[in-house]
Amino acid sequence: MKLLEDKIREDGTVLPGNVLKVDNFLNHQVDTKLMDEMGKEFARLFKDEGVTKVVTVESSGIAPALMAALHLGVPMIFARKHKSLTLTDNLYTASVYSYTKRVSNDISVDKRFLNPNDKILIIDDFLANGQAVSGLLEIAKVANVEVAGIGIVIEKSFQKGRSMIEEAGVRLESLARIASLDNETVEFVKD
């Protein structure tokens, strides 16, 4: 998606350790027009898959997932990382390790919101090692729901996430695929 690639080139910052900082438009401050365009693109890519719900992990996946759900005309669910007084039992859970925060979290989805008739689209902001997606795939399996596919905003193609998803046999669509972050420069995968 050229619009997204241009935004990454303009406003993204490469940090040590292969970290791409995009907090000024994706995962802290949100560019709502860009989110809308990304939601339209995800909806276009998955419109014929019979998606009944869009699922993500809080918090950075919420904005793109919400817009994808809006354009698909379906509800959006986000797996919570933190327990609350209102989310205590009757949960699907999985453990997810965050590379950028260097911490493991148990993610949870209330069982009321996923049922065997659902066909979900998983959306996330980044795909690197595939931990968040793996956790959501684990929840989908336990919930006995079909996964229509996985939509990723920014994929670090030089890390193992893509191969993990391909091995699982799930369709993957990434809006921007990064080949390298070497020398503090973003290089995209050439199609």
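**Exercise 1.** Find the bridge partner of Lys 119 in β8, and state how β7 and β8 run.

*Solution.* In this predicted model, Lys 119 has Glu 146 as its bridge partner in β8. Strands and helices here are DSSP runs, numbered from the N terminus (strands E, at least two residues; helices H or I, at least four). Next, take the two strands: β7 covers residues 119–127, β8 covers residues 146–156, and 8 bridges join them in a parallel run. Strands count as paired if DSSP finds at least two bridges between them.

Residues are numbered from 1 along each chain as its sequence is written. Because the model is predicted, local features need pLDDT of at least 70 and side-chain atom pairs pLDDT 80 or more, while totals for chains, interfaces and linings use all residues; side-chain values use heavy atoms, without hydrogens and water.

**Exercise 2.** Give the strand order of the sheet and explain why β4 and β10 each have one side without a neighbour.

*Solution.* The open sheet has 6 strands, ordered β4-β3-β7-β8-β9-β10, with mixed pairing. β4 (76–79) and β10 (187–188) are at the edges with a single partner strand each, so one side of each lacks a neighbour in the sheet.

**Exercise 3.** Describe how helix α1 lies on the strands.

*Solution.* Helix α1 (residues 2–11) lies across β8, β9 (172–180) and β10, at about 35 degrees to β9. Angles run from 0 to 180 degrees between N-to-C directions of axes fitted to C-alpha atoms, for helices over the stretch in contact; contact means heavy atoms within 4.5 Å.

**Exercise 4.** Locate Asp 23 and list its contacts beyond four places in sequence.

*Solution.* Asp 23 is in the loop between β2 (19–21) and α2. Leaving aside neighbours within four places, Asp 23 contacts His 28 and Gln 29.
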